Amino acid sequence: MKRLVDRLLESIIVVIFAIIVASIVWQVFSRYVLQAPSTVTGEFARLLFMWLALIGGAYTFGQAKHLAIDIVPMLLPSRMRQIVNVVILALVAGFAILVMIKGGWSLTSRTLASGQITPTLRLPMGYVYGAIPFSGAVILFYCGHFLHRLWRDPDDVLVGRTESQLEVQP
């Protein structure tokens with residue numbers, strides 16, 4: 001299941017990034033070559049960048065490539081390291097549930113209900129804010145994956161090791 005989620009997120013990230021690049025290239029071309037700057041491409045790229053940043057952050061967390069202060073857990077014995085990893089994952093999951101999913105869903109719902117729209121594209125701002133609960137759900141999924149791995153093998157998910165390094169371990 002994790003590989004499926006990884007591939008789906010990779011595809012989404014690549015598509016969003018390609019659209020952002022094409023949008024900016026068109027903006028530059030229309031401004032300097034056609035002498036008629038596009039009015040929508042800048043806003044479109046900014047809105048997609050928010051989705052890219054949030055989904056990319058969730059994907060990075062799932063690959064265990066996020067920024068981590070790992071000096072203390074690496075010095076701990078195996079059992080303590082497992083406890084620290086569980087506490088860290090519980091805190092991340094709590095943040096994902098309370099702030100990103102619950103708070104993000106509330107923000108998205110209220111914004112859609114208020115009818116707030118983007119200035120140029122006239123898109124509902126709730127669609128832009130929808131990246132927050134979506135990314136929170138992805139982070140929560142990855143927390144569950146890592147907790148499951150820790151349950152099966154306490155030394156499996158170690159702070160400071162990426163998911164790809166874990167997969168090559170016997």
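## An aromatic pair in helix 1

W26 and F29 are 3 residues apart in helix 1, so about one helical turn separates them. This is a predicted model. An α-helix has 3.6 residues a turn, so residues three or four places apart point the same way. A search of the whole structure finds 4 aromatic pairs. In the pair formed by W26 and F29, the ring centres are 5.6 Å apart and the planes meet at 35°, so the pair counts as tilted.

Are these two residues buried or exposed? W26 has a relative accessibility of 41% and counts as partly exposed. F29, with a relative accessible area of 36%, is also partly exposed.

## Salt bridges in helix 1

The whole structure holds 2 salt bridges. One of them joins the side chains of K2 and D6, with 2.7 Å from N to O. Both residues belong to helix 1 and lie 4 residues apart, about one turn of the helix. K2 is buried, at a relative accessible area of 8%. D6 is buried too, at 6%. Both values fall under the 20% limit, so these two charged partners count as buried.

The side chains of E10 and R7 also meet in a salt bridge, at 2.9 Å from N to O. E10 and R7 are 3 residues apart in helix 1, which again means a separation of about one helical turn. E10 is partly exposed at 25% relative accessibility, and R7 is partly exposed at 45%.

## The largest nonpolar core

The largest nonpolar core has 23 residues. Helix 1 (2-32), helix 2 (41-62), helix 4 (78-114) and helix 6 each supply at least two residues of this core. Which helix gives the largest share? Helix 2 does, with 7 residues. In soluble globular proteins, nonpolar side chains tend to be buried together.

The residues with the most contacts inside the core are L9, F61, I139 and Y142. Beyond its neighbours within four places in sequence, I139 is in contact with A58, F61, V92, A96 and M100. A58 and F61 fall within the range of helix 2, while V92, A96 and M100 fall within that of helix 4.

## Helix 6

Helix 6 runs over residues 131-152. Its 22 residues should span 32 Å at 1.5 Å a residue, and its end C-alpha atoms are 32 Å apart, so the two values agree. The buried residues of this helix are A131, P133, S135, G136, V138, I139, Y142, C143, H145, F146, R149 and L150. The list includes the polar or charged residues S135, H145 and R149.

## S135 and its surroundings

S135 lies in helix 6. With a relative accessible area of 1%, S135 is under the 20% limit and is therefore buried. What does the side chain of S135 have within reach? A polar atom of that side chain lies 3.2 Å from the backbone oxygen of L54.

L54 is also one of the residues in contact with S135 once neighbours within four places in sequence are left aside; the others are I55, A58 and M100. A58 and M100 also appear among the contacts of I139. Through these two residues, S135 and I139 share part of their surroundings.

Definitions and conventions: Residues are numbered from 1 along each chain as its sequence is written. This is a predicted model: local features need pLDDT of at least 70, side-chain atom pairs count only at pLDDT 80 or more; totals for chains, interfaces and linings use all residues. Side-chain values use heavy atoms; hydrogens and water are left out. Buried means under 20% relative accessible area, exposed over 50%, partly exposed in between (1.4 Å probe, protein chains only). A polar contact is a pair of N or O atoms within 3.5 Å; within protein, one must be able to donate a hydrogen and the other to accept it, and residues adjacent in sequence count only if both atoms are side-chain atoms. Contact means heavy atoms within 4.5 Å. A nonpolar core is a set of buried Ala, Val, Leu, Ile, Met, Phe, Trp, Tyr and Cys residues joined through side-chain atoms within 4.5 Å. The expected span of a helix is 1.5 Å times one less than its number of residues. A salt bridge is a side-chain nitrogen of Lys or Arg within 4 Å of a carboxyl oxygen of Asp or Glu. Rings of Phe, Tyr and Trp (its six-membered ring) pair if their centres lie within 6.5 Å; planes under 30 degrees apart count as stacked, over 60 as edge-to-face and the rest as tilted.
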